[in-house]
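I opened my notebook to look through this structure one piece at a time. Here is what I wrote down along the way.

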Amino acid sequence: LAFDGGSVEAEAVLSEGQKVSGEGGDDGPLLLELGGATDNPISIHSLYSALVSEAVGIASHKGLSLAAAPLSANSGSPLVLSVPVATPDSARNFLVNVCLEQGLMVYGVVDDASAAYVAAMDAGILTDMLKNGSSQSQIMVVDLGGSLVQASLLSAGDGGGSLGGGSRVEVVQTVASRTTGSNQLHAALVDHLALQFALRNGIDLRQDYMSMERLHSAAEVAAEELSFRPKVKINLPFITADASGPKHLEESLTRAEYARILDDALGAMTQPIADVLAKAGVRPGSEPSELAGVLLVGAGARSPALQAAVQARVGAGVVTVVPPNPEEYVARGAAKAPEYGWLE
């Protein structure tokens, strides 16, 4: 269960569409991802209890057994809880207790930056990066979620490239922003398209729920296509109507135009990277490099515009790695954490 402390969203195994898959099989832990936060302790308990119950129900529909009462090794899949790096011990213990109240087995807790690191090392994608770095080099893990951006520096020297024997890297510094996320990129494009339509037709599509549903879907498809095409066309016939008749939305968008639309959002999203480097005293572009490399995870890691913005923050000479299925990396690493003794 991965608690991001922000809005209810999933960056890994429990998708926004409420589709669940298992990680680890029958003999390994099952990873689900949940979010949600409030200032009222009673509300927090009620919220997480409801979310855990919902996850159990969803998993059961998929044939995955989570319920474990009475607790036994064979009555359900044990869980690993993944939490943001700065989550205090009191909050971690609270989450464990909520799960235990639901009759769930809990292996332990791992922070999401360490989980992503475990997944990357287990897959072998950081091996060359660590070999090329100096003994003082650090790995940056940037989690680009829908409503949370977290940049963490992890020590990579003195055996940090090994997972065995319970040896763990140290999280040197972390900075998180709960007011930014990859959802902002989508919102910026939707606003742009709505504004262009309003300028041409004098109609604000944002006042029409059905029109906005279509616009959101079209913007999502356009953004995905711009990741591998230089230009896309957005065509939404009969998007709305007025006294003069039906109106159609037709817009062409190049990758360069898309980057300009996202400029402000990209700056806000990558600010935690600049902040964590400043707090740790790491100089971008230094020789020898104080950064062995950057690992991008989360759904936002798929965006070429966001990848370029991250690269600009850390310097052209720093290797930036986007693993396959980056939105699953925290969950995959958490599933592997018990194997390497990386749980609290």
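**Entry 1: a helix on the strands.** I began with α9, which lies across β5, β10 and β11. I looked up its direction too: α9 runs at about 155 degrees to β10. I noted for myself that this is a predicted model.

**Entry 2: the whole protein.** Next I stepped back to see what else is there. I found ten helices and eleven strands in the protein. How much of the protein is buried? Buried residues make up 48% of the 344 residues. I also looked at contacts with a separation of 6 or more, and 71% of them are between residues 24 or more positions apart.

**Entry 3: the sheet.** I then went back to the strands under α9. In what order do the strands of the sheet lie? I read it as β7-β6-β5-β10-β11, an open sheet of five strands with mixed pairing. At the edges I found β7 (171–177) and β11 (320–321), each of which pairs on one side only.

**Entry 4: walking across the sheet.** I started from the β7 edge and took one pair of strands at a time.

- β6 (residues 149–155) pairs with β7 in the antiparallel sense, over six bridges. I picked out two partners here: S152 of β6 is bridged to T174 in β7, and Q150 stands opposite A176 in β7.
- β5 and β6 also run antiparallel, and seven bridges join them. In this pair V142 stands opposite A151 in β6. I saw that β5 and β6 form a hairpin, with four residues between them.
- β5 and β10 pair in the parallel sense over six bridges. The bridge partner of D143 in β10 is V297.
- β10 and β11 are parallel as well, with two bridges. Here I found V294 opposite T320 in β11.

**Entry 5: how covered are the strands?** I checked two strands of the sheet. In β6, six of its seven residues are buried, so I wrote "mostly covered" beside this strand. For β10 the count is seven of its seven residues. I added a reminder from general knowledge: in a regular strand the side chains alternate between the two faces of the sheet.

**Entry 6: another helix on the sheet.** Which strands does α3 touch? I found that α3 (residues 112–123) packs on the sheet and touches β5 (138–144), β6, β7 and β10 (291–297). The direction of α3 makes about 65 degrees with that of β6.

**Entry 7: two helices together.** I returned to α9 and looked for a helix beside it. Two packed helices are described by the angle between their axes and the distance between the axes. The axes of α8 (residues 263–280) and α9 (residues 304–314) come within 9 Å and cross at roughly 30 degrees. Angles under 35 degrees count as roughly parallel, and α8 and α9 are therefore roughly parallel to each other. The crossing of α8 past α9 is right-handed.

Which residues make the contact? From α8 I listed L266, G267, M269, T270, Q271, I273, A274 and L277. From α9 I listed A305, L306, A309, V310, R313 and V314. Sorting the residues of this contact gave me ten nonpolar, three polar and one charged.

**Entry 8: one residue up close.** To finish, I chose T240, which sits in strand β8 (residues 231–242). Is T240 buried or exposed? Its relative accessible area is 15%. Buried means under 20%, so T240 is buried.

I then asked what T240 touches beyond its neighbours within four places in sequence. The contacts of T240 are F197, I203, L205, D208, S211, P246 and K247. I followed up on L205: T240 and L205 are 35 residues apart in sequence, and their C-alpha atoms are 7.9 Å apart in space.

Conventions: Residues are numbered from 1 along each chain as its sequence is written. This is a predicted model: local features need pLDDT of at least 70, side-chain atom pairs count only at pLDDT 80 or more; totals for chains, interfaces and linings use all residues. Side-chain values use heavy atoms; hydrogens and water are left out. Axes are lines fitted to C-alpha atoms, for helices over the stretch in contact, and angles run from 0 to 180 degrees between N-to-C directions. Angles under 35 degrees count as roughly parallel, over 145 as roughly antiparallel, 65 to 115 as roughly perpendicular and the rest as oblique. A crossing is left-handed if the near helix is turned anticlockwise from the far one by less than a right angle, and right-handed if clockwise. Contact means heavy atoms within 4.5 Å. Ala, Val, Leu, Ile, Met, Phe, Trp, Tyr, Cys and Pro count as nonpolar, Asp, Glu, Lys and Arg as charged, and the others, Gly among them, as polar. Two strands pair if DSSP finds at least two bridges between them. Buried means under 20% relative accessible area, exposed over 50%, partly exposed in between (1.4 Å probe, protein chains only).
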